[in-house]
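Trainee: Could you take me closely through one strand of this model, saying how it is paired, how it is covered and what surrounds it? I would also like to see how the rest of the chain is arranged around that part.

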Amino acid sequence: MIRYGDDLILIDNGSGMNFQPTAGKLAHNLRTMGVTPEQITKVVFTHAHPDHSGATTASNGKLLYPNAEYYVSQTEWDFWTDKQFETRRPSALHGFAKGAQRDLFAIGERITLVREGDEIVPGMSIVSTPGHTPGHVSVEIRGRDNLLITGDACTNDTIFFARPDWHFGFDTDAEVALASRQVLLDRAAAEKLKLLGYHWTYPGVGYAERRGDAYDFVAV
Ligand SMILES: [Zn+2]
């Protein structure tokens with residue numbers, strides 16, 4: 001959660017109860033900080049996979065963050081909401097599409113479709129990092145201490161810093177994802193840019209330091 005003025009902004013809302021009994025605690029954890037779901041003003045999706053947008057609705061189908069504006073990339077929206085999805089895309093993706101459509105259609109009028117360079121609030125902008133899903137984006141925060149929230153653009157800190165040339169089985173377009181990952185890590189190393197990855201070793205924040213053709217993950 002990021003505070004900006006009166007805005008309380010979530011980057012993804014997590015899996016909800018769709019995966020395992022230890023998951024689905026985000027709203028509860030926010031409450032322990034004194035923040036109710038009604039107070040969240042913006043939710044930015046890196047992509048519409050179930051572990052990132054899966055907590056959009058509660059079990060009753062109502063929005064869990066009912067007063068938020070939601071931001072998803074135009075490409076991501078177009079991909080998952082394609083009416084011919086099941087005839088055009090492999091069956092391995094059909095279950096993902098059902099979940100993405102449930103989440104995206106639930107948002108309705110509250111959605112804003114974004115693309116590379118769009119600002120959510122001043123200093124927070126969308127960086128296109130496609131491949132994991134076709135419309136996957138990262139979120140860049142600029143200030144005294146810059147941060148790139150990478151979602152699943154570089155899904156595993158142990159593997160993909162050491163082997164940025166390897167493919168990941170859950171990337172929808174493996175070659176595009178690989179290219180995005182290499183651009184991201186190259187830039188992060190050159191700019192000493194702080195990175196946040198959602199599937200990285202807790203707390204998932206660190207730097208990429210170049211080592212030959214690969215990188216060391218240096219935790220903050
Ligand atoms: Zn994920």
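Mentor: A residue is called buried here if its relative accessible area is under 20%, exposed if that area is over 50%, and partly exposed in between. Please keep in mind throughout that this is a predicted model. The strand I would choose is β8, which covers residues 137-141, since its burial can be followed residue by residue.

Five of the five residues of β8 are buried, so the strand is largely enclosed by the rest of the structure. In a regular strand the side chains alternate between the two faces of the sheet. With that in mind, the residues of β8 can be sorted by side: Val-137, Val-139 and Ile-141 lie on one side, Ser-138 and Glu-140 lie on the other, and as all of them are buried, both faces of the strand are covered.

The next step is to place β8 in its sheet, which is open, has seven strands in the order β6-β7-β8-β9-β10-β11-β12, and shows mixed pairing. The edges of this sheet are formed by β6 (119-121) and β12 (214-219), each of which pairs on one side only. From one strand to the next, the twist averages 35 degrees. Helix α7 packs on this sheet, where it touches β8 together with β9 (147-149), β10 (194-196), β11 (205-211) and β12, and the direction of α7 makes about 90 degrees with that of β11.

On one flank, β8 is joined by five bridges to β7 (residues 124-128), and the two strands run antiparallel. Two of the residue pairs can be checked directly in the model: Met-124 has Ile-141 of β8 as its bridge partner, while Ile-126 has Val-139 of β8 in that role. On the other flank, β8 pairs with β9, again in the antiparallel sense, over three bridges, and a hairpin of five residues joins the two strands. Within this pairing, Glu-140 stands opposite Leu-148 of β9.

Leu-147, which is found in β9, is a useful residue from which to look back at β8. Because its relative accessibility is 19%, Leu-147 counts as buried, the cut-off being 20%. If residues up to four places away in sequence are not counted, Leu-147 touches Val-139, Glu-140 and Ile-141, as well as Leu-193, Lys-194, Leu-195 and Leu-196. By way of contrast in sequence and space, Leu-147 and His-47 are 100 residues apart along the chain, and their C-alpha atoms are separated by 18 Å.

The helix that packs on the sheet deserves one residue of its own. Ser-180 lies in α7, which spans residues 174-191, and with 12% relative accessibility Ser-180 counts as buried. Apart from its neighbours within four places in sequence, Ser-180 is in contact with Thr-129 and Pro-130.

For the wider setting, there is a further open sheet, of five strands in the order β1-β2-β3-β4-β5, also with mixed pairing. Its edges are β1 (2-4) and β5 (111-114), and because each has a single partner strand, one side of each is left without a neighbour in the sheet. Neighbouring strands of this sheet are turned against each other by 25 degrees on average, direction ignored. Three bridges join β1 to β2, the two running antiparallel, and Ile-2 has Ile-9 of β2 as its bridge partner. Leu-10, which also lies in β2 (residues 7-11), is buried at 2% relative accessibility, and its contacts beyond four places in sequence include Leu-26, Ile-40, Val-43 and Tyr-65.

Finally, the zinc ion is coordinated at 2.0 to 2.2 Å by Asp-51 (OD), His-52 (NE2), Asp-152 (OD) and His-199 (NE2), and these donors follow the spacing D-H-x99-D-x46-H along the chain. The angles among the four donor atoms run from 88 to 156 degrees, and the site is classed as irregular. The adjacent donors Asp-51 and His-52 fall into separate accessibility classes, with Asp-51 partly exposed at 25% and His-52 buried at 1%. As for annotation, an unreviewed UniProt entry places the feature "domain: Metallo-beta-lactamase" at residues 1-199, and over that range the chain is 29% helix and 20% strand, with the end C-alpha atoms 17 Å apart.

Conventions:
Residues are numbered from 1 along each chain as its sequence is written. This is a predicted model: local features need pLDDT of at least 70, side-chain atom pairs count only at pLDDT 80 or more; totals for chains, interfaces and linings use all residues. Side-chain values use heavy atoms; hydrogens and water are left out. UniProt positions are given in the numbering used here, feature names are shortened, and annotations may be inferred rather than shown by experiment. Helices (H or I, at least four residues) and strands (E, at least two) are DSSP runs, numbered from the N terminus. Buried means under 20% relative accessible area, exposed over 50%, partly exposed in between (1.4 Å probe, protein chains only). Contact means heavy atoms within 4.5 Å. Donors are N, O and S atoms within 2.8 Å of the metal (3.2 Å for Na, K and Ca); water is not among the atoms, so sites may look incomplete. Four donors count as tetrahedral if all angles lie between 85 and 135 degrees; four count as square planar and six as octahedral if opposite donors are over 155 degrees apart and all others between 65 and 115; anything else is irregular. Two strands pair if DSSP finds at least two bridges between them. Axes are lines fitted to C-alpha atoms, for helices over the stretch in contact, and angles run from 0 to 180 degrees between N-to-C directions.
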